[in-house]
Amino acid sequence: MVKHARKVALRISIIYIIIGAVWILISDNISRTLAQGRFEVYIFFQQYKGWFFILATGIILYGLVYRRAYKLVESQQELVVKEHELQTSNQHYQSLFKHNPDGVFEISKTGEVLLANPEGEAIVGYSSEELQKMKPSALIAAEEFDMCKEYFKEVLNGKGAKFEMNVINRKRERRLLRCSLLPIIVHKQVVGVFMIARDITTYRQDEELMITSEKMSVIGQMAGAVAHEIRNPLTSLKGFVQVMQASKETNDTYLDIMMSEIDRINLISSEMLILGKKQHVSFEKTNLCEILKQVITLMEAQANLNNVSILLKETAKRPIYVSADANQLKQVFINVIKNGVEAIMEKGHITITVEEKDTRALIHFEDNGIGMSQERIEQVGTPFYSTKEAGTGLGLAVCYKIMERHQGTMHFKSGKGKGTTVTIDMPIIERNSRLS
Ligand SMILES: Nc1ncnc2c1ncn2[C@@H]1O[C@H](COP(=O)(O)OP(=O)(O)OP(=O)(O)O)[C@@H](O)[C@H]1O
Ligand SMILES: [Mg+2]
(Lines give C-alpha, C1' and ligand atoms only; values in the text may rest on other atoms or scores of the structure.)
(Ligands and ions follow the chains in the order given, each with its own letter.)
Protein backbone atom coordinates (compact mmCIF):
# COMPACT_ATOMS: atom_id res chain seq x y z
CA MET A 1 0.00 0.00 0.00
CA VAL A 2 2.74 2.47 1.09
CA LYS A 3 4.86 1.41 -1.87
CA HIS A 4 1.98 2.06 -4.20
CA ALA A 5 1.35 5.52 -2.70
CA ARG A 6 5.05 6.38 -3.07
CA LYS A 7 4.94 5.27 -6.70
CA VAL A 8 1.92 7.45 -7.45
CA ALA A 9 3.47 10.51 -5.72
CA LEU A 10 6.72 9.96 -7.59
CA ARG A 11 4.90 9.67 -10.90
CA ILE A 12 3.06 12.96 -10.30
CA SER A 13 6.31 14.72 -9.30
CA ILE A 14 8.11 13.39 -12.39
CA ILE A 15 5.28 14.55 -14.61
CA TYR A 16 5.49 17.98 -12.96
CA ILE A 17 9.29 18.18 -13.43
CA ILE A 18 9.06 17.04 -17.06
CA ILE A 19 6.35 19.57 -17.89
CA GLY A 20 8.37 22.30 -16.08
CA ALA A 21 11.57 21.41 -17.95
CA VAL A 22 9.81 21.21 -21.31
CA TRP A 23 8.16 24.58 -20.65
CA ILE A 24 11.50 26.21 -19.79
CA LEU A 25 13.02 24.79 -22.97
CA ILE A 26 10.26 25.71 -25.37
CA SER A 27 8.54 28.74 -23.84
CA ASP A 28 11.09 31.27 -25.31
CA ASN A 29 10.72 29.81 -28.78
CA ILE A 30 6.92 29.86 -28.44
CA SER A 31 7.06 33.59 -27.39
CA ARG A 32 9.22 34.40 -30.35
CA THR A 33 7.04 32.51 -32.81
CA LEU A 34 3.86 34.06 -31.51
CA ALA A 35 5.35 37.66 -31.40
CA GLN A 36 6.51 37.50 -35.04
CA GLY A 37 8.94 40.38 -34.53
CA ARG A 38 6.65 42.54 -32.45
CA PHE A 39 8.62 43.47 -29.36
CA GLU A 40 5.71 44.45 -27.09
CA VAL A 41 3.97 41.13 -27.79
CA TYR A 42 7.18 39.27 -26.98
CA ILE A 43 7.51 41.19 -23.69
CA PHE A 44 3.85 40.41 -22.87
CA PHE A 45 4.42 36.66 -23.36
CA GLN A 46 7.62 36.72 -21.39
CA GLN A 47 5.83 38.56 -18.58
CA TYR A 48 2.91 36.10 -18.32
CA LYS A 49 4.48 32.75 -19.32
CA GLY A 50 5.10 31.91 -15.63
CA TRP A 51 1.45 32.52 -14.80
CA PHE A 52 0.43 30.46 -17.79
CA PHE A 53 2.64 27.62 -16.64
CA ILE A 54 1.11 27.72 -13.15
CA LEU A 55 -2.39 27.63 -14.61
CA ALA A 56 -1.66 24.77 -17.00
CA THR A 57 0.20 22.61 -14.48
CA GLY A 58 -2.45 23.41 -11.88
CA ILE A 59 -5.15 22.00 -14.17
CA ILE A 60 -3.05 18.92 -15.05
CA LEU A 61 -2.20 18.26 -11.39
CA TYR A 62 -5.85 18.72 -10.44
CA GLY A 63 -6.83 16.09 -13.04
CA LEU A 64 -4.19 13.64 -11.91
CA VAL A 65 -4.76 14.00 -8.17
CA TYR A 66 -8.54 13.99 -8.61
CA ARG A 67 -8.41 10.68 -10.54
CA ARG A 68 -6.18 9.03 -7.95
CA ALA A 69 -8.10 10.38 -4.97
CA TYR A 70 -11.42 9.30 -6.52
CA LYS A 71 -10.12 5.73 -6.93
CA LEU A 72 -8.86 5.74 -3.35
CA VAL A 73 -12.16 6.91 -1.88
CA GLU A 74 -14.05 4.45 -4.07
CA SER A 75 -11.94 1.46 -2.95
CA GLN A 76 -12.22 2.62 0.66
CA GLN A 77 -16.00 2.62 0.34
CA GLU A 78 -15.89 -0.86 -1.23
CA LEU A 79 -13.77 -1.98 1.70
CA VAL A 80 -16.33 -0.69 4.19
CA VAL A 81 -19.14 -2.53 2.34
CA LYS A 82 -17.07 -5.76 2.19
CA GLU A 83 -16.26 -5.48 5.89
CA HIS A 84 -19.94 -5.06 6.65
CA GLU A 85 -20.80 -8.10 4.53
CA LEU A 86 -18.08 -10.10 6.26
CA GLN A 87 -19.39 -9.07 9.67
CA THR A 88 -22.94 -10.03 8.66
CA SER A 89 -21.92 -13.44 7.37
CA ASN A 90 -19.77 -13.96 10.46
CA GLN A 91 -22.76 -13.15 12.65
CA HIS A 92 -24.87 -15.60 10.60
CA TYR A 93 -22.28 -18.29 11.17
CA GLN A 94 -22.04 -17.37 14.86
CA SER A 95 -25.83 -17.67 15.25
CA LEU A 96 -25.81 -21.03 13.52
CA PHE A 97 -23.07 -22.12 15.88
CA LYS A 98 -24.18 -20.55 19.18
CA HIS A 99 -27.94 -20.98 18.96
CA ASN A 100 -28.00 -24.38 17.26
CA PRO A 101 -30.27 -26.75 19.20
CA ASP A 102 -27.86 -29.52 18.13
CA GLY A 103 -24.33 -29.82 19.40
CA VAL A 104 -21.78 -28.36 16.98
CA PHE A 105 -18.10 -29.25 17.36
CA GLU A 106 -15.20 -27.87 15.36
CA ILE A 107 -12.57 -30.58 15.10
CA SER A 108 -8.97 -30.31 13.92
CA LYS A 109 -7.59 -32.51 11.16
CA THR A 110 -5.93 -34.62 13.84
CA GLY A 111 -9.24 -35.21 15.62
CA GLU A 112 -9.03 -32.85 18.60
CA VAL A 113 -12.04 -30.73 19.49
CA LEU A 114 -11.19 -27.05 19.01
CA LEU A 115 -14.54 -25.51 19.82
CA ALA A 116 -17.99 -26.64 20.95
CA ASN A 117 -21.22 -24.65 21.02
CA PRO A 118 -23.26 -24.45 24.27
CA GLU A 119 -25.41 -27.48 23.33
CA GLY A 120 -22.30 -29.48 22.41
CA GLU A 121 -20.78 -28.63 25.81
CA ALA A 122 -24.03 -29.69 27.51
CA ILE A 123 -24.10 -33.04 25.69
CA VAL A 124 -20.62 -34.10 26.78
CA GLY A 125 -20.53 -32.11 30.02
CA TYR A 126 -17.14 -30.51 29.25
CA SER A 127 -16.34 -26.90 28.33
CA SER A 128 -14.58 -26.04 25.06
CA GLU A 129 -11.36 -25.37 26.98
CA GLU A 130 -11.53 -28.78 28.66
CA LEU A 131 -12.36 -30.47 25.36
CA GLN A 132 -9.31 -28.91 23.73
CA LYS A 133 -7.08 -30.74 26.20
CA MET A 134 -8.81 -34.12 25.78
CA LYS A 135 -7.95 -36.92 23.43
CA PRO A 136 -10.77 -38.19 21.15
CA SER A 137 -10.35 -41.67 22.66
CA ALA A 138 -11.39 -40.27 26.07
CA LEU A 139 -14.76 -39.26 24.67
CA ILE A 140 -15.72 -41.99 22.21
CA ALA A 141 -16.89 -45.41 23.45
CA ALA A 142 -13.89 -47.74 23.06
CA GLU A 143 -15.57 -50.31 20.80
CA GLU A 144 -16.71 -47.62 18.38
CA PHE A 145 -13.43 -45.74 18.14
CA ASP A 146 -12.19 -47.52 14.99
CA MET A 147 -15.50 -47.05 13.23
CA CYS A 148 -15.43 -43.31 14.02
CA LYS A 149 -11.85 -43.08 12.75
CA GLU A 150 -12.96 -44.57 9.42
CA TYR A 151 -15.75 -42.01 9.06
CA PHE A 152 -13.36 -39.21 10.01
CA LYS A 153 -10.89 -40.29 7.32
CA GLU A 154 -13.66 -40.24 4.73
CA VAL A 155 -14.57 -36.70 5.74
CA LEU A 156 -10.96 -35.54 5.47
CA ASN A 157 -11.16 -36.68 1.85
CA GLY A 158 -13.96 -34.18 1.35
CA LYS A 159 -17.04 -36.39 1.77
CA GLY A 160 -19.73 -35.94 4.45
CA ALA A 161 -20.75 -38.81 6.76
CA LYS A 162 -23.79 -39.66 8.88
CA PHE A 163 -23.74 -42.24 11.65
CA GLU A 164 -24.60 -43.00 15.28
CA MET A 165 -22.03 -43.28 18.03
CA ASN A 166 -21.80 -43.56 21.78
CA VAL A 167 -19.82 -41.02 23.77
CA ILE A 168 -18.88 -41.10 27.44
CA ASN A 169 -19.85 -37.87 29.16
CA ARG A 170 -18.37 -36.19 32.23
CA LYS A 171 -20.55 -38.32 34.55
CA ARG A 172 -19.13 -41.46 32.83
CA GLU A 173 -22.54 -42.15 31.28
CA ARG A 174 -22.95 -43.43 27.73
CA ARG A 175 -24.90 -41.08 25.46
CA LEU A 176 -26.03 -42.13 22.00
CA LEU A 177 -25.44 -39.39 19.42
CA ARG A 178 -26.73 -39.14 15.87
CA CYS A 179 -23.85 -37.39 14.10
CA SER A 180 -23.21 -35.66 10.82
CA LEU A 181 -19.60 -34.94 9.90
CA LEU A 182 -18.75 -32.39 7.25
CA PRO A 183 -15.43 -31.10 6.01
CA ILE A 184 -14.44 -27.45 6.56
CA ILE A 185 -13.12 -26.41 3.16
CA VAL A 186 -11.14 -23.18 2.87
CA HIS A 187 -9.47 -22.27 -0.45
CA LYS A 188 -10.30 -25.74 -1.77
CA GLN A 189 -8.41 -27.36 1.12
CA VAL A 190 -9.92 -29.40 3.98
CA VAL A 191 -8.73 -27.56 7.08
CA GLY A 192 -10.87 -29.33 9.68
CA VAL A 193 -14.19 -31.03 10.35
CA PHE A 194 -17.52 -29.88 11.75
CA MET A 195 -19.55 -32.40 13.71
CA ILE A 196 -23.24 -31.79 14.29
CA ALA A 197 -24.60 -34.13 16.95
CA ARG A 198 -27.97 -34.81 18.53
CA ASP A 199 -28.38 -36.74 21.75
CA ILE A 200 -30.91 -39.48 20.94
CA THR A 201 -30.37 -41.60 24.07
CA THR A 202 -33.83 -41.08 25.56
CA TYR A 203 -35.53 -41.25 22.20
CA ARG A 204 -33.84 -44.59 21.51
CA GLN A 205 -34.73 -45.90 24.98
CA ASP A 206 -38.40 -45.00 24.42
CA GLU A 207 -38.33 -46.61 21.00
CA GLU A 208 -36.77 -49.74 22.51
CA LEU A 209 -39.47 -49.81 25.16
CA MET A 210 -42.18 -49.58 22.53
CA ILE A 211 -40.63 -52.38 20.44
CA THR A 212 -40.23 -54.63 23.49
CA SER A 213 -43.73 -54.03 24.80
CA GLU A 214 -45.18 -54.70 21.35
CA LYS A 215 -43.15 -57.91 21.25
CA MET A 216 -44.43 -58.99 24.64
CA SER A 217 -48.00 -58.30 23.53
CA VAL A 218 -47.48 -60.45 20.41
CA ILE A 219 -45.98 -63.23 22.54
CA GLY A 220 -49.02 -63.00 24.80
CA GLN A 221 -51.30 -63.38 21.78
CA MET A 222 -49.24 -66.30 20.46
CA ALA A 223 -49.13 -68.10 23.79
CA GLY A 224 -52.59 -69.63 23.44
CA ALA A 225 -51.89 -71.03 19.97
CA VAL A 226 -48.46 -72.30 21.03
CA ALA A 227 -49.91 -74.06 24.08
CA HIS A 228 -52.45 -75.64 21.78
CA GLU A 229 -49.69 -76.68 19.35
CA ILE A 230 -47.79 -78.32 22.20
CA ARG A 231 -50.88 -80.08 23.57
CA ASN A 232 -51.43 -82.07 20.36
CA PRO A 233 -48.08 -83.92 20.40
CA LEU A 234 -48.49 -84.39 24.15
CA THR A 235 -51.79 -86.19 23.51
CA SER A 236 -50.19 -88.47 20.95
CA LEU A 237 -47.22 -89.07 23.31
CA LYS A 238 -49.66 -90.05 26.04
CA GLY A 239 -51.44 -92.40 23.59
CA PHE A 240 -48.22 -94.17 22.61
CA VAL A 241 -47.12 -94.54 26.25
CA GLN A 242 -50.51 -96.03 27.15
CA VAL A 243 -50.31 -98.51 24.24
CA MET A 244 -46.81 -99.60 25.23
CA GLN A 245 -47.82 -99.80 28.90
CA ALA A 246 -50.74 -102.08 28.02
CA SER A 247 -48.70 -104.32 25.73
CA LYS A 248 -45.68 -104.24 28.07
CA GLU A 249 -43.54 -104.02 24.89
CA THR A 250 -41.55 -101.25 23.31
CA ASN A 251 -42.27 -100.40 19.72
CA ASP A 252 -39.44 -98.79 17.71
CA THR A 253 -41.78 -97.03 15.27
CA TYR A 254 -43.74 -95.55 18.16
CA LEU A 255 -40.51 -94.52 19.83
CA ASP A 256 -39.31 -92.72 16.65
CA ILE A 257 -42.57 -90.81 16.37
CA MET A 258 -42.46 -89.99 20.09
CA MET A 259 -38.88 -88.73 19.74
CA SER A 260 -39.73 -86.43 16.83
CA GLU A 261 -42.76 -85.08 18.74
CA ILE A 262 -40.59 -84.36 21.78
CA ASP A 263 -38.07 -82.59 19.50
CA ARG A 264 -40.84 -80.43 18.09
CA ILE A 265 -42.13 -79.48 21.57
CA ASN A 266 -38.58 -78.69 22.56
CA LEU A 267 -38.03 -76.54 19.45
CA ILE A 268 -41.24 -74.56 19.86
CA SER A 269 -40.74 -73.90 23.57
CA SER A 270 -37.12 -72.88 23.15
CA GLU A 271 -37.99 -70.51 20.26
CA MET A 272 -40.68 -68.99 22.47
CA LEU A 273 -38.18 -68.60 25.31
CA ILE A 274 -35.57 -66.92 23.10
CA LEU A 275 -38.14 -64.52 21.71
CA GLY A 276 -39.41 -63.61 25.15
CA LYS A 277 -35.97 -62.97 26.62
CA LYS A 278 -35.01 -59.38 27.24
CA GLN A 279 -31.91 -58.92 25.16
CA HIS A 280 -29.57 -56.11 24.26
CA VAL A 281 -29.94 -54.98 20.68
CA SER A 282 -26.91 -56.21 18.81
CA PHE A 283 -26.37 -56.37 15.10
CA GLU A 284 -24.75 -59.57 13.97
CA LYS A 285 -24.14 -61.49 10.80
CA THR A 286 -27.35 -63.47 10.51
CA ASN A 287 -28.53 -66.22 8.18
CA LEU A 288 -31.82 -64.91 6.83
CA CYS A 289 -33.46 -68.27 6.04
CA GLU A 290 -32.53 -69.69 9.46
CA ILE A 291 -34.42 -66.82 11.08
CA LEU A 292 -37.39 -67.38 8.80
CA LYS A 293 -37.47 -71.10 9.62
CA GLN A 294 -37.42 -70.37 13.36
CA VAL A 295 -40.26 -67.90 12.92
CA ILE A 296 -42.27 -70.40 10.87
CA THR A 297 -41.85 -72.99 13.66
CA LEU A 298 -43.43 -70.50 16.05
CA MET A 299 -46.12 -69.24 13.71
CA GLU A 300 -47.25 -72.66 12.55
CA ALA A 301 -49.20 -72.99 15.78
CA GLN A 302 -51.44 -70.03 15.00
CA ALA A 303 -51.49 -70.90 11.29
CA ASN A 304 -52.68 -74.46 11.98
CA LEU A 305 -55.47 -73.17 14.20
CA ASN A 306 -56.65 -70.97 11.31
CA ASN A 307 -56.23 -73.60 8.58
CA VAL A 308 -53.34 -71.73 7.04
CA SER A 309 -50.25 -73.41 5.65
CA ILE A 310 -46.92 -71.64 5.51
CA LEU A 311 -44.49 -72.43 2.72
CA LEU A 312 -40.89 -71.20 2.46
CA LYS A 313 -39.28 -70.94 -1.00
CA GLU A 314 -35.60 -70.11 -1.31
CA THR A 315 -34.49 -69.07 -4.77
CA ALA A 316 -30.93 -68.07 -3.85
CA LYS A 317 -28.30 -70.78 -4.32
CA ARG A 318 -26.20 -69.80 -1.35
CA PRO A 319 -27.18 -68.76 2.17
CA ILE A 320 -28.04 -65.08 2.44
CA TYR A 321 -26.48 -63.20 5.32
CA VAL A 322 -27.72 -59.89 6.62
CA SER A 323 -26.59 -57.60 9.41
CA ALA A 324 -29.41 -57.88 11.92
CA ASP A 325 -30.58 -58.07 15.46
CA ALA A 326 -32.08 -61.57 15.16
CA ASN A 327 -34.73 -61.00 17.78
CA GLN A 328 -36.00 -57.78 16.21
CA LEU A 329 -35.96 -59.25 12.71
CA LYS A 330 -38.02 -62.19 14.02
CA GLN A 331 -40.47 -59.68 15.46
CA VAL A 332 -40.95 -58.15 11.99
CA PHE A 333 -41.48 -61.52 10.31
CA ILE A 334 -43.89 -62.65 13.06
CA ASN A 335 -45.98 -59.49 12.69
CA VAL A 336 -46.17 -59.82 8.92
CA ILE A 337 -47.07 -63.55 9.02
CA LYS A 338 -49.57 -62.90 11.83
CA ASN A 339 -51.28 -60.23 9.70
CA GLY A 340 -51.39 -62.70 6.80
CA VAL A 341 -52.95 -65.41 8.98
CA GLU A 342 -55.49 -62.92 10.34
CA ALA A 343 -56.40 -61.81 6.80
CA ILE A 344 -57.29 -65.35 5.73
CA MET A 345 -60.93 -66.02 6.50
CA GLU A 346 -61.39 -69.79 6.16
CA LYS A 347 -58.51 -71.67 4.61
CA GLY A 348 -55.43 -70.39 2.87
CA HIS A 349 -51.70 -70.21 2.53
CA ILE A 350 -48.81 -67.88 3.05
CA THR A 351 -45.89 -68.29 0.67
CA ILE A 352 -42.59 -66.80 1.71
CA THR A 353 -40.06 -66.33 -1.08
CA VAL A 354 -36.50 -65.26 -0.43
CA GLU A 355 -34.47 -63.90 -3.32
CA GLU A 356 -31.18 -62.15 -3.87
CA LYS A 357 -31.23 -59.03 -6.05
CA ASP A 358 -27.84 -57.36 -6.52
CA THR A 359 -26.76 -56.39 -3.03
CA ARG A 360 -30.22 -56.67 -1.45
CA ALA A 361 -32.24 -59.55 -0.06
CA LEU A 362 -35.93 -59.52 -0.94
CA ILE A 363 -38.42 -61.43 1.18
CA HIS A 364 -41.95 -61.66 -0.19
CA PHE A 365 -44.80 -62.74 2.09
CA GLU A 366 -47.75 -63.57 -0.13
CA ASP A 367 -51.12 -64.42 1.38
CA ASN A 368 -54.47 -65.15 -0.23
CA GLY A 369 -56.44 -63.26 2.38
CA ILE A 370 -58.98 -60.45 2.14
CA GLY A 371 -56.48 -57.93 0.76
CA MET A 372 -56.58 -54.16 1.12
CA SER A 373 -57.74 -51.17 -0.89
CA GLN A 374 -55.19 -48.56 -2.00
CA GLU A 375 -56.38 -46.12 0.72
CA ARG A 376 -55.81 -48.75 3.37
CA ILE A 377 -52.31 -49.54 2.05
CA GLU A 378 -51.45 -45.86 2.47
CA GLN A 379 -52.52 -46.03 6.14
CA VAL A 380 -50.68 -49.16 7.22
CA GLY A 381 -47.73 -48.50 9.48
CA THR A 382 -49.36 -45.43 11.04
CA PRO A 383 -49.29 -46.13 14.79
CA PHE A 384 -52.68 -47.31 16.12
CA TYR A 385 -54.17 -47.77 12.66
CA SER A 386 -56.08 -51.03 12.83
CA THR A 387 -59.18 -52.47 11.21
CA LYS A 388 -59.33 -55.34 13.70
CA GLU A 389 -61.45 -55.42 16.80
CA ALA A 390 -58.63 -56.58 19.03
CA GLY A 391 -55.78 -55.03 17.04
CA THR A 392 -53.47 -52.41 18.56
CA GLY A 393 -52.34 -51.13 15.18
CA LEU A 394 -48.78 -51.10 16.45
CA GLY A 395 -47.58 -54.24 14.67
CA LEU A 396 -46.56 -52.65 11.37
CA ALA A 397 -45.52 -49.35 12.98
CA VAL A 398 -42.92 -51.31 14.95
CA CYS A 399 -41.94 -53.28 11.83
CA TYR A 400 -41.22 -50.04 9.96
CA LYS A 401 -39.08 -48.77 12.85
CA ILE A 402 -37.12 -52.01 13.02
CA MET A 403 -36.59 -52.16 9.27
CA GLU A 404 -35.38 -48.57 9.23
CA ARG A 405 -32.66 -49.59 11.68
CA HIS A 406 -31.75 -52.48 9.41
CA GLN A 407 -31.52 -50.11 6.43
CA GLY A 408 -34.45 -51.99 5.00
CA THR A 409 -37.80 -51.09 3.50
CA MET A 410 -41.30 -52.60 3.47
CA HIS A 411 -43.75 -52.44 0.58
CA PHE A 412 -47.33 -53.61 0.26
CA LYS A 413 -48.99 -54.84 -2.93
CA SER A 414 -52.61 -55.67 -2.51
CA GLY A 415 -56.11 -55.30 -3.83
CA LYS A 416 -59.46 -55.83 -2.15
CA GLY A 417 -60.18 -59.57 -2.25
CA LYS A 418 -56.92 -60.27 -4.07
CA GLY A 419 -54.61 -61.16 -1.20
CA THR A 420 -51.56 -59.21 -0.11
CA THR A 421 -47.85 -59.40 -0.83
CA VAL A 422 -45.56 -57.73 1.66
CA THR A 423 -42.02 -57.26 0.37
CA ILE A 424 -39.19 -56.62 2.75
CA ASP A 425 -35.92 -55.47 1.28
CA MET A 426 -32.63 -55.26 3.18
CA PRO A 427 -28.90 -55.14 2.42
CA ILE A 428 -26.97 -58.38 2.12
CA ILE A 429 -23.56 -58.51 3.75
CA GLU A 430 -20.72 -60.41 2.17
CA ARG A 431 -20.03 -63.86 3.51
CA ASN A 432 -16.64 -62.98 4.89
CA SER A 433 -17.35 -59.45 5.95
CA ARG A 434 -16.91 -58.58 9.59
CA LEU A 435 -19.50 -56.55 11.36
CA SER A 436 -18.81 -53.35 13.16
N1 LIG B 1 -51.72 -59.13 5.03
C2 LIG B 1 -52.68 -58.24 5.24
N3 LIG B 1 -53.87 -58.38 4.62
C4 LIG B 1 -54.86 -57.48 4.81
N5 LIG B 1 -54.78 -56.40 5.62
C6 LIG B 1 -53.62 -56.21 6.27
C7 LIG B 1 -52.51 -57.11 6.11
N8 LIG B 1 -51.50 -56.65 6.85
C9 LIG B 1 -51.95 -55.53 7.47
N10 LIG B 1 -53.19 -55.26 7.13
C11 LIG B 1 -54.01 -54.09 7.55
O12 LIG B 1 -53.16 -53.18 8.21
C13 LIG B 1 -53.67 -52.87 9.50
C14 LIG B 1 -52.54 -52.55 10.45
O15 LIG B 1 -51.78 -53.70 10.74
P16 LIG B 1 -50.94 -53.79 12.06
O17 LIG B 1 -50.24 -55.09 12.06
O18 LIG B 1 -50.13 -52.55 12.21
O19 LIG B 1 -52.03 -53.74 13.19
P20 LIG B 1 -53.10 -54.86 13.54
O21 LIG B 1 -52.72 -56.13 12.90
O22 LIG B 1 -54.44 -54.30 13.21
O23 LIG B 1 -52.96 -54.96 15.10
P24 LIG B 1 -51.90 -55.88 15.89
O25 LIG B 1 -50.72 -56.01 14.99
O26 LIG B 1 -51.62 -55.14 17.12
O27 LIG B 1 -52.57 -57.17 16.12
C28 LIG B 1 -54.49 -54.07 9.89
O29 LIG B 1 -55.49 -53.73 10.83
C30 LIG B 1 -55.08 -54.47 8.54
O31 LIG B 1 -56.22 -53.72 8.22
MG1 LIG C 1 -50.75 -56.96 13.08
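**Group meeting: a hairpin, some rings and two cores**

Okay, let's begin at one spot in the hairpin: His411 has Thr423, in E12, as its bridge partner. Before I go on, keep in mind that this is a predicted model. The strands around that bridge are E11, residues 409-414, and E12, residues 420-427, and they run antiparallel with six bridges between them. Five residues separate E11 from E12 in this hairpin, and in the turn you'll find Gly417 with a positive phi of about 75°.

E12 also brings us to the core. Phe365 touches Thr420, Thr421, Val422 and Ile424, and its other contacts beyond four places in sequence include Leu292, Phe333, Val336 and Ile352. Which residues have the most contacts inside the largest nonpolar core? They're Leu288, Phe333 and Phe365, in a core of 59 residues. There's a second core, separate from that one, with 24 residues, among them Leu131, Met134, Leu177 and Leu181.

Now, aromatics. Searching the whole structure gives 12 aromatic pairs. Take Tyr93 and Phe194: the ring centres are 6.3 Å apart and the planes sit at 40°, so we call this pair tilted. Why does the pair tie together parts that are 101 residues apart in sequence? Because Tyr93 is in helix H2, residues 39-98, while Phe194 is in strand E5, residues 189-199. Buried or partly exposed, you ask? Tyr93, at 30% relative accessibility, is partly exposed, whereas Phe194, at 16%, is buried.

Elsewhere, Tyr16, Trp23, Phe52 and Phe53 make up one aromatic cluster. And there's a charge over a ring: Lys285 lies over the face of Tyr321, 5.2 Å from the ring centre.

Last bit, the annotations. The unreviewed UniProt entry lists "transmembrane region" for residues 12-30, 50-66 and 176-197. So what do two of those spans look like in the model? Residues 50-66 are 100% helix and 0% strand, with the end C-alpha atoms 24 Å apart. For residues 176-197, it's 0% helix and 91% strand, and the end C-alpha atoms lie 10 Å apart. I'd just put those numbers beside the record and leave it there.

The unreviewed entry also has "domain: PAS" at residues 89-159. In the model, that span comes out at 48% helix and 13% strand, with 24 Å between its end C-alpha atoms.

That's me done, over to you.

Note on methods: Residues are numbered from 1 along each chain as its sequence is written. Chains are lettered from A and ligands numbered from 1 in the order in which they are written. This is a predicted model: local features need pLDDT of at least 70, side-chain atom pairs count only at pLDDT 80 or more; totals for chains, interfaces and linings use all residues. Side-chain values use heavy atoms; hydrogens and water are left out. Rings of Phe, Tyr and Trp (its six-membered ring) pair if their centres lie within 6.5 Å; planes under 30 degrees apart count as stacked, over 60 as edge-to-face and the rest as tilted. Helices (H or I, at least four residues) and strands (E, at least two) are DSSP runs, numbered from the N terminus. Buried means under 20% relative accessible area, exposed over 50%, partly exposed in between (1.4 Å probe, protein chains only). A charge sits over a ring if NZ of Lys or CZ of Arg is within 6 Å of the ring centre and within 35 degrees of the ring normal. Two strands pair if DSSP finds at least two bridges between them. UniProt positions are given in the numbering used here, feature names are shortened, and annotations may be inferred rather than shown by experiment. A nonpolar core is a set of buried Ala, Val, Leu, Ile, Met, Phe, Trp, Tyr and Cys residues joined through side-chain atoms within 4.5 Å. Contact means heavy atoms within 4.5 Å.
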